[in-house]
Amino acid sequence: MTEQSLIDAESASRVGTVAATATGEVNRRDWQRWAAAVGDHNPLWFDPEYARAQGYRDIICPPLYLQYVVLGVTALDGLRPDGSSGAASGGLAFPRAPRRMAGGESTSFFGAAYHRDEIEMVRTIESIVEKQGRSGRFVLVTWRTVYRNQRRELVAEATTSMIARP
Amino acid sequence: MAREQVFYEDVHPGDALPTLTVTVDERQLFFFSAATYNGHRIHYDKDWARTVEGYDDVIVQGPLQAALLARAITDWIGGRGRLVEYAVQNRAIAFAGEELSFTCVVTGKRLADNTGLVDLDIAGRRDDTVLMPGTATVALPLRGDRS
């Protein structure tokens with residue numbers, strides 16, 4: 001007996017294509033609010049004199065904040081019922097595997113981002129594969145996301161995955 | 001704020017970094033959702049978390065766990081250290097009010113292009129349960145390298 005694939009043809013056809021692009025300006029008060037919410041008072045994020053003494057030209061954006069720089073704006077009636085925006089996945093839906101959870105994320109950081117840098121993000125669907133796990137079949141989706149600044153310098157590159165289950 | 005700088009030469013496989021221990025409360029969940037433009041109800045709407053998504057309470061954001069784990073690293077590497085690679089997996093959820101600990105252990109070190117690279121095994125934990133396993137690589141300054 002051949003089971004029907006969890007991956008529909010429409011989703012499968014999107015492997016290798018761009019799922020999302022976005023741009024945003026790095027803003028020190030935004031990253032400082034994030035750092036404060038993490039309880040992270042590292043002077044590299046807050047104290048220009050300290051940052052310059054370490055060889056930077058100014059305070060720098062915490063590496064893990066970079067992903068939020070490019071977030072867009074979602075109207076209230078554009079939200080999903082659970083309150084999330086759903087933008088990050090590029091609208092991929094798996095009708096045969098509707099339950100989704102974040103898998104993992106792996107990021108390489110190449111350079112610092114400063115206040116008022118312009119960041120461009122390009123996210124590509126790298127692969128969509130069906131796997132067999134301990135609790136049954138699932139779909140593993142992997143995206144590759146590249147962040148560049150206004151000088152086209154590579155700032156970071158991330159590989160992100162999501163698991164969708166029937 | 002004076003901070004001590006750790007150097008590549010001082011670090012050895014098996015070394016444990018100082019453990020960061022944090023109990024996330026609902027205020028922190030709210031501020032982190034606000035700072036990351038995250039509207040997902042499971043982080044602030046107890047009734048939704050319980051009746052729709054089946055959790056016992058509001059849950060700590062995965063990205064907040066990841067940010068706390070990264071903080072354990074960036075607190076340690078000092079102003080001249082740099083986070084180069086960071087990889088984590090979401091394995092289990094945590095609720096507000098639970099004590100979480102963030103631990104990192106040195107697994108290796110190597111020189112690449114005159115840069116001192118140190119590899120770490122990292123984990124977010126609740127007691128003995130690993131919520132978020134991962135790995136990281138940091139670049140540390142070499143003693144005598146004042147550039």
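This text walks through a predicted model of two protein chains, A and B. Local features are described where pLDDT is at least 70, side-chain atom pairs count only at pLDDT 80 or more, and totals for chains, interfaces and linings use all residues. Residues are numbered from 1 along each chain as its sequence is written, while chains are lettered from A and ligands numbered from 1 in the order in which they are written.

Start with the parts list. Helices (H or I, at least four residues) and strands (E, at least two) are DSSP runs, numbered from the N terminus. Chain A has 5 helices and 5 strands. Read from the N terminus, its elements run α-β-α-α-α-α-β-β-β-β. Chain B has 3 helices and 5 strands. Its order is β-α-α-α-β-β-β-β.

Now the dimensions. Along its principal axes, the C-alpha trace of chain A spans about 70 × 30 × 30 Å. The C-alpha atoms of chain B fill a box of roughly 60 × 30 × 25 Å.

How much of each chain is buried? A residue is buried if 20 or more other C-beta atoms lie within 10 Å of its own, exposed if 12 or fewer, and partly exposed in between; the C-beta atoms are placed from the backbone. Chain A has 166 residues, and 30% of them count as buried. Chain B has 147, with 40% buried.

Contacts tell you how each chain folds back on itself. Two residues are in contact if their C-beta atoms, placed from the backbone, lie within 7 Å. Take the contacts with a separation of 6 or more. In chain A, residues 24 or more positions apart account for 70% of them. In chain B that share is 67%.

Next, find the sheet. It is open, has 10 strands and draws on both chains. The order is β1(A)-β3(A)-β4(A)-β5(A)-β2(A)-β2(B)-β5(B)-β4(B)-β3(B)-β1(B), with antiparallel pairing. Two strands pair if DSSP finds at least two bridges between them. At the edges are β1 (18-25) of chain A and β1 (20-23) of chain B, each pairing on one side only. From one strand to the next, the twist averages 20°.

Look at one edge. β1(A) pairs with β3 (residues 118-133) of chain A over 7 bridges, in the antiparallel sense. There, A:Ala20 stands opposite A:Arg123. Now move to the join between the chains. β2(A) and β2(B) are antiparallel too, paired over 5 bridges. Here A:Ser108 stands opposite B:Glu85.

What else touches across the two chains? In total, 30 residues of chain A are in contact with 30 residues of chain B. On the chain A side, α2, α3 (43-46) and β2 each give two or more residues. The largest share, 8 residues, comes from β2(A).

Helix α3 (62-77) of chain B lies across the sheet strands. Beneath it are β2 (99-109) of chain A and, from chain B, β1, β2 (82-89), β3 (99-112), β4 (115-126) and β5 (129-140). The helix runs at about 40° to β5(B), an angle taken from 0 to 180 degrees between N-to-C directions, with axes fitted to C-alpha atoms, for helices over the stretch in contact.

A nonpolar core is a set of buried Ala, Val, Leu, Ile, Met, Phe, Trp, Tyr and Cys residues joined through C-beta atoms within 7 Å. The largest has 62 residues, and those with the most contacts inside it are A:Leu66, A:Ile119, B:Leu68, B:Leu69 and B:Ile73. α3(B) gives the most to this core, with 9 residues. Beyond its neighbours within four places in sequence, B:Leu68 contacts A:Val38, B:Leu20, B:Val22, B:Phe102 and B:Gly124.

Turn to helix α1 (residues 26-35) of chain B. Its buried residues are B:Gln28, B:Leu29, B:Phe32, B:Ser33 and B:Ala35. Seen down the axis, they fall within an arc of 165° (the arc of directions from the helix axis to the C-beta atoms), so they line one face of the helix. Their cover includes α2 (28-38) of chain A and α3(B).

Finish with two backbone oddities. Most residues other than glycine have a negative phi. B:Tyr37, in the loop between α1 and α2 (46-51) of chain B, has a positive phi of about 55°. B:Tyr37 is partly exposed, with 13 other C-beta atoms within 10 Å. B:Asp113, in the loop between β3 and β4 of chain B, has a positive phi of about 50°. B:Asp113 is exposed, with 5 other C-beta atoms within 10 Å.
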